[in-house]
Amino acid sequence: MEIKDRSSVIFGNVLPKSAVKKAAKSKAKFIKKFGDDSQTQYHLKAVPIPSLSFIGAKNLVVSDEPLKLPENALIVGNIRMGFGHYRISIAMASCAKALGYEPYWLDLASFKDSTGSKMIRYQNDLYSKASRISQKSKLFNALVWEPLNSEGFRQLTYNAPDQKNSELLVPLFTDIPKDTPYIATHVWPSQAAVHAGMTHVVNAIPDNWPMALHLSEGAIHAVQTPFAYLGYKMLNGMAKQPLKGIPEEDLYEIGHYIDHELVANIPHDCELRIARIQKGEPIRILLSVGGAGAGGKLFLDMVRHLLPYVEEKKVALFLNFGDHLTMWDYLCKKLPELKEKTTTYFDRYAELEQFVSTMDEAKVEGIYAICNKEIFEAVYSTNLLMRKVEFLITKPSELAFYPVVKVMMRHIGGHEVYGAVHAQEYGDSTFECPDKKSMNAMLDRLLTDKELLIHLQKQIVKLGEQGVYNGGYEAVKLAVNGRHK
């Protein structure tokens, strides 16, 4: 099929010839590095995802035979970049199932032999490496990483090479009917679907900081907040001169992207949290390490600070290490007593599920460490636990939008800053606590001020009643029904 060029003009804004030329070179570089499979027809088949069986999600993988989808199919297009895009994808699949659709999982980075998949994995490896360096080098973070994530990705010219590179992903769409409802939780799967001629594409933008990185003309752009809506409506700050913005029919503010089972249980979960706080039971805290594993020193400081609270049975601490144990090994090396005090659920997901199912009635004490090599289990462990804890400690990534009280660590990359700003203004989160002193002071306050912690729980209920957390449902409706402005 002929692919329309989308790297020269974006929403009526003509890009400089130098940017267009750079985009073409970028695509040519990846073809030279990974080969040209533009004439290849990749057939797909659906296989179950055991840990997501409760929402019926099926993974699309390579097959010898063409794919046949049911009439009520909905595809979630994604890539793994940290845990964030996978977590949002699970939320979309969950909401699709709740609304009567069969969710299919299309990870465009997962196809071993595809040129486009190799391109994604190559760029993701660079991003992850730079993210880790930024946490170790203040100079690199200040001079390179922060400016790139806040302003570099923001510029309109940055969109051109992504648009061109995403053309390499088109062969993976051979079997997919053009009118299949499709939600992308990263811009590359959105751009790829548009290039492939799909007509019901929702580009679910994850961050609150408007950046040209996330533009995918031809898709419906969904954002979670009023701030993001205004920024994308104007394409604010994406060039030195004022720009034509995203047309009204292509941009929707829909609320936070949250799983059905979390949204549906907000009143129940918050009622139990308030009851535990009032009874003086140990405050349950979940510390999510995440997919990149950055921030080790601050994790150590927090765990060390919380150990006396655990000993006094004022805190029950849950540590989710995602799919790698590097951080666990680091903590045990610095705190040798941690290992003997901790109950571990390492690759014991079924047992973790069973334990979590008892937490509504049980009085929980001690320390628990969780790690799963299987990626879906690693991501969803946090979802399981966040319903059962009083608050979550996290950086202001995708978790900044979830219906659980959040204590915000320092952001990683400037684009995360406004996720923290949004959460604290909506009142279900603290402000950013970037260092040991501010974090420990915040933890002390939440652990001794019952009224404050209860107030935060009540705010989540209020936001839930207002529909703030209903973005996943709205994304599904947009993908199925299309534009309606």
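**Exercise 1. Place strand β16 among its neighbours.**

Three bridges join β16 to strand β17 (residues 429-433), and the two run parallel. This is a predicted model: local features need pLDDT of at least 70, side-chain atom pairs count only at pLDDT 80 or more, and totals for chains, interfaces and linings use all residues. Residues are numbered from 1 along each chain as its sequence is written, and side-chain values use heavy atoms, with hydrogens and water left out.

Task: which residue of β17 is the bridge partner of Lys406, and which strand besides β17 pairs with β16?

Solution.
- Step 1. Fix the terms. Strands (E, at least two residues) and helices (H or I, at least four) are DSSP runs, numbered from the N terminus. Two strands pair if DSSP finds at least two bridges between them.
- Step 2. Take the β17 side. Lys406 has Ser429 as its bridge partner there.
- Step 3. Turn to β15 (residues 391-394). It pairs with β16 in the parallel sense, over three bridges. Thr394 stands opposite Met408 of β16.

**Exercise 2. Check the faces of β16.**

Task: are Lys406 and Met408 buried or exposed?

Solution.
- Step 1. Set the cut-offs. Buried means under 20% relative accessible area, exposed over 50%, partly exposed in between (1.4 Å probe, protein chains only).
- Step 2. Read one side of β16 (residues 406-409). Lys406 and Met408 are buried.
- Step 3. Read the other side. Val407 and Met409 are buried too, so both faces are covered.

**Exercise 3. Compare two positive phi values.**

Task: where are Leu235 and Lys313 found?

Solution.
- Step 1. Recall the background. Most residues other than glycine have a negative phi.
- Step 2. Take Leu235. Its phi is near 50°, a positive value. Leu235 is found in the loop between α7 (226-234) and β10 (251-253). Its relative accessibility is 2%, so Leu235 counts as buried.
- Step 3. Take Lys313. Its phi is about 60°, also positive, and Lys313 is not a glycine. Lys313 sits in the loop between α10 and β12 (315-320). Lys313 is partly exposed because its relative accessible area is 48%.

**Exercise 4. Locate Tyr473.**

Task: which helix holds Tyr473, and is this residue buried or exposed?

Solution.
- Step 1. Find the helix. Tyr473 lies in α18 (residues 471-481).
- Step 2. Check the cover. Relative accessibility is 13%, so Tyr473 counts as buried.
- Step 3. Add a distance. Tyr473 and Tyr402 are 71 residues apart along the chain, and their C-alpha atoms are separated by 14 Å.
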